[in-house]
Amino acid sequence: DVLPSPEGPVPTVSITEIRQYLRTQGIPFHDGYSCLHTPSLFTDGRKDQPPAVATAPYTLFIDKTTGSFLCTATLAEGTWQDFQANVELRHRGVPPASSEEPEEDVRQAREDARCIWDRALPLWELLDEEETNKTKAMFGISLVTDATLKRFGVRYLRTAKSLVFPWFSPRDASLKGLKLLKVEKKENAIVYVEETLPRFDSFHNLFGLPLISRRDTELVLTGWELDALALHQATGVASLALPRGATCLPPALLPYLEQFKRITLWLGEDLRSWEAAKLFARKLSLKRCSLVRPGDLQPRPLDALNQGLNLTKILRAALPASHKSIVSFRQLREEVFGELVNTEQVAGVKWARFPELNKLLKGHRRGELTVFTGPTGSGKTTFISEYALDLCMQGVCTLWGSFEINNVRLAKIMLTQFAAQRLEDQLELYDEWADRFEDLPLYFMTFHGQQNIKTVIDTMQHAVYMYDITHVVVDNLQFMMGHEHLSVDR
């Protein structure tokens with residue numbers, strides 16, 4: 001995915017400007033946690049009478065950070081500029097455009113999903129009890145009851161030996177997509193492999209959303225569909241699973257989380273999910289979030305269910321996300337203990353391809369700057385693209401700023417490194433590798449040559465909010481700054 005190019009920098013709008021605009025246009029609004037709520041411009045555009053704004057339900061959500069909007073009643077969405085354009089049109093009596101038809105490939109993906117869904121069987125209706133029990137044991141969900149599986153609509157696709165999790169539209173309950181989960185054995189470990197229809201970039205699903213009622217005010221956010229099943233069964237609390245686990249929380253999902261006064265993030269059992277939970281809590285508003293700290297007595301929800309632990313008790317012990325500006329050691333005590341217990345994980349994400357680098361740097365940690373230097377042509381870009389790709393394949397969301405070589409050449413280098421073979425000799429394999437490469441959490445800035453540093457930093461900040469970027473590569477500093485800055489202390 002390519003971020004907006006420097007010719008049209010990321011349009012930034014402040015929350016103050018948004019509020020002022022709504023007031024001058026006479027549009028009422030509530031201040032929510034991460035969005036402003038207003039009556040929708042789109043629900044009444046279908047009738048010929050002017051909108052009764054005062055009585056309309058507040059189904060339009062405006063993101064406080066970016067100004068983007070989403071109407072949960074009609075699924076119309078767009079930028080802040082689109083919102084203003086629609087307000088202008090309404091003043092002229094032009095009904096707003098309805099949300100566009102999905103693109104051809106998304107429509108095709110939905111049809112494919114529908115075919116798979118029709119072929120999949122409800123997990124409690126397999127041939128016999130033995131097959132059901134074997135299948136449940138394979139996925140580690142023997143303790144998850146049929147009633148829970150039925151409630152969440154989980155099915156099983158025999159041909160692919162995969163569990164099938166549906167994604168229903170929150171508006172009209174139509175099937176919008178699927179996630180398939182299968183189990184593979186690698187050496188002595190069990191690995192879960194996921195596949196989504198449509199592809200990840202358009203897969204904005206919160207698994208379990210249709211089961212949420214308007215009256216629910218507490219929610220547990222998990223990083224995995226099976227965790228959501230275990231949690232709901234053990235505690236009865238409303239629980240949802242994020243589409244990409246602890247990798248990212250797309251802002252497009254925030255409107256659906258506005259109704260909750262309390263959100264507990266229980267994303268997984270490692271330190272990376274703990275870091276992700278802290279990042280997501282900032283996006284969701286710290287004051288309503290609590291976090292379940294990973295540890296031996298607090299594994300991920302499915303494991304907790306299988307180990308017979310008390311999930312309600314673990315939820316009650318969740319730590320509030322908002323630390324005040326001044327803390328005592330007593331408040332940090334648990335965190336310090338966690339760092340001592342997980343020294344390996346605290347060192348960061350290890351490189352799979354560079355064991356020697358792990359000895360030097362221990363791993364990739366957030367908030368650190370690493371500078372690679374060397375003469376022209378010594379292989380800095382080639383090495384750093386492999387170094388970044390290694391982390392990206394482990395789910396580290398990566399943003400590339402290549403100021404020296406263009407993105408097409410860079411992507412070609414990285415795709416070759418990813419496939420570990422010369423694709424120019426086997427072009428028939430290109431689509432298969434390109435599809436897998438496309439699923440990586442990898443983004444490119446479209447800058448080239450010397451840039452205004454403020455524009456670059458604004459783009460980076462935008463990317464961090466939108467895509468939860470945790471690793472930024474700048475290649476290279478000299479090209480970005482231009483040559484006339486060389487005398488200045490950079």
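Here a colleague asks a modeller about the sheet, the aromatic pairs and a surface patch of this predicted model.

Colleague: Before we start, how are the residues numbered, and which pLDDT do local features need?

Modeller: Residues count from 1 along each chain as its sequence is written, and side-chain values use heavy atoms, with hydrogens and water left out. This is a predicted model in which totals for chains, interfaces and linings use all residues, side-chain atom pairs count only at pLDDT 80 or more, and local features need pLDDT of at least 70.

Colleague: Thanks! In what order do the five strands of the open sheet stand?

Modeller: Strands here are DSSP runs of E with at least two residues, helices are runs of H or I with at least four, and both are numbered from the N terminus. Two strands pair if DSSP finds at least two bridges between them. The pairing in this open sheet is antiparallel, and the order is S1-S2-S3-S4-S5.

Colleague: Which strands stand at the edges of the sheet?

Modeller: An edge strand here has a single partner strand, so one side of it is left without a neighbour in the sheet. The two strands in that position are S1 and S5 (77–78).

Colleague: Which residue in S3 stands opposite His-37?

Modeller: His-37 belongs to S2 (residues 35–38), and on the S1 side His-30 stands opposite His-37. S2 is joined to S3 (residues 60–63) by four bridges, running antiparallel. One of the facing pairs there is Thr-38 with Leu-60. For His-37, the residue opposite in S3 is Phe-61.

Colleague: Which residues of S2 point the other way from Cys-35 and His-37?

Modeller: In a regular strand, side chains alternate between the two faces of the sheet. All four residues of S2 are buried, meaning under 20% relative accessible area (exposed is over 50%, partly exposed in between; 1.4 Å probe, protein chains only). Pointing the other way from Cys-35 and His-37 are Leu-36 and Thr-38.

Colleague: Now the rings: how far apart, centre to centre, are Trp-80 and Phe-83?

Modeller: Rings of Phe, Tyr and Trp (its six-membered ring) pair if their centres lie within 6.5 Å; planes under 30 degrees apart count as stacked, over 60 as edge-to-face and the rest as tilted. The structure holds 18 aromatic pairs, and Trp-80 with Phe-83 is a stacked one, with 15° between the planes. Being three residues apart in helix H2 (residues 80–91), these two are separated by about one helical turn. Their centre-to-centre distance is 5.3 Å.

Colleague: What is the angle between the planes of Phe-418 and Trp-433?

Modeller: Phe-418 sits in helix H14 (residues 407–419) and Trp-433 in helix H15 (residues 430–438), so this pair links distant parts of the chain. Phe-418 is buried at 11%, and Trp-433 is buried at 12% relative accessibility. The pair is edge-to-face at 5.6 Å centre to centre, and the angle is 90°.

Colleague: Over which ring does the charged end of Arg-293 sit?

Modeller: A charge sits over a ring if NZ of Lys or CZ of Arg is within 6 Å of the ring centre and within 35 degrees of the ring normal. Lys-283 lies over the face of Tyr-465, at 5.1 Å from the ring centre. For Arg-293, at 4.5 Å from the centre, the ring is that of Trp-274.

Colleague: Last one: is Phe-329 buried or exposed?

Modeller: Phe-329 is in helix H10 (residues 329–341). The relative accessible area of Phe-329 is 52%, so the residue counts as exposed.
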